[in-house]
Amino acid sequence: MKPFALKRDDLIFLHRLVYKMRNPPTKFDEKEFVKKGRDYLFKYAEDNVGPLNPERRLFLKGLLVGIGALAVVSVLPVLGYLNQPEITLKDFPWMIITDSDGNPIQASKLPVNNPAILVFQYPMQGDITFLLNIGDENGNPVKVPSTTVTIPETGATYTFPGGVGPNNSIVAFSAICQHLGCIPPEIHYYPPDLVKPNGPFPDFIPSDVYNIIISQGIKYGVIHCDCHGSTYDPYKGAAVVTGPTVRPLPYVQLYWDPNTDYLYAVGMNLHAPVILGRSSDLSGFATLSSYDESTGCSKLLVQKGQTPTNCYTRILTSFGNPFQQSG
Ligand code: FES
């Protein structure tokens, strides 16, 4: 068999697919697969990993062709083979958040209530995360306070530390839905001017979900997943507003440096739900391209292009002078 030429994104996609296939609640039905072939695999992947764009569909098709139509069931061991072992980080790296050109994002310039999807990856490749600047319905940034978040699945709680930035209004949450893993654009942020009491009825949200949002007095927008209707409150630590999810979106802890106005992703709360599809927030399939495996540090720590000689993670608790190297 010819080796597959796989891109990083494809590998991450396969990793999530195989995770779902092996997970008892979403177990892959091999008999159905033998009967229906690739249509079953496509449907399974769409239902469990998220919509397939034409490129991804072609990739899966190519995978099946490569395996051979008669031995179609052998896709499972092949996928297992491709599902290389997870990499585990020792600690959360500090990572400066940059735009797509590699320039650090300035917190004071981050648009408030921007429904456009601003995402970055943290802590590993494929861990897509929303970056939101929360405001009121007039577009003024609002302070996002620290709050206690409950995980409906277990009843356990954890603390969400609140927003950062000049107005304490900037937050970051995993953009992988905790129900079945749909990602942007299926899951997205609706700012308060789009979802508000007495406003025009939002035809992009089911009426029962809208009624719950209004009855709960949610004032600063919602994150809603179109795949099956899960809704999260970004002002309250992405707590669950409507199911079927039974877990809030995990948050990425941010640090804002008032001297440079830069934003850093610095860690995650291990008491919050794990990023969907991961065995731990510190485990994944590939490190970020900005991550330096030789030092265990992000390459972009203080300024673009600066090379660190040590890690910065140990001083997370104090937030005092965070750019001193730890010893
Ligand atoms: S994946 Fe089902 S609601 Fe988001």
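Let me start with one pair of residues: in strand β9, the bridge partner of Tyr189 is Ile223. Before going further, note that this is a predicted model.

That pair belongs to the link between β8 and β9. The two strands run antiparallel and are joined by 4 bridges, with β9 covering residues 222-225. They are part of an open sheet of 4 strands, ordered β8-β9-β10-β11, and the pairing there is antiparallel. At the edges are β8, residues 187-190, and β11, residues 239-242, each of which pairs on one side only. From one strand to the next, the twist averages 30°.

There is also a helix to place against this sheet. Helix α6, residues 207-215, lies across β9, β10 and β11. Its direction is at about 130° to β11, and β10 is the stretch 231-233.

Now to one residue of β9, His224. Is His224 buried or exposed? It counts as buried, because it has 25 C-beta neighbours inside 10 Å, and the cut-off for buried is 20 or more. Which residues does His224 touch, leaving aside neighbours within four places in sequence? The contacts are His188, Tyr190, Ile205 and Thr231. Two of these names can be placed on the strands already described: His188 and Tyr190 fall in the range 187-190 given for β8. Thr231 falls in the range 231-233 given for β10. One distance to add: the C-alpha atoms of His224 and Glu186 are separated by 8.3 Å, with the two residues 38 apart along the chain.

As a general remark on strands, side chains in a regular strand alternate between the two faces of the sheet.

Next, the hairpin. Strands β5, residues 147-150, and β6, residues 157-160, run antiparallel and are joined by 4 bridges. Within this pairing, Thr147 stands opposite Phe160 of β6. The hairpin has 6 residues between its two strands. One of the residues in the turn is Gly155, with a positive phi of about 85°.

Last, another open sheet, this one of 3 strands. Its order is β2-β13-β12, and the pairing is antiparallel. The edge strands are β2, residues 95-96, and β12, residues 252-257, each pairing on one side only. Between β2 and β13, the latter spanning residues 262-268, there are 2 bridges in the antiparallel sense. Met95 stands opposite Ala265 in β13.

That is the end of the tour.

How values were computed
Residues numbered from 1 in each chain as written. Predicted model: local features only at pLDDT ≥ 70, side-chain atom pairs only at ≥ 80, totals over all residues. Pairing = 2+ DSSP bridges. Axes fitted to C-alpha atoms, helices over the stretch in contact; angles between N-to-C directions. Contact = placed C-beta atoms within 7 Å. Buried ≥ 20, exposed ≤ 12 C-beta atoms within 10 Å, placed from the backbone.
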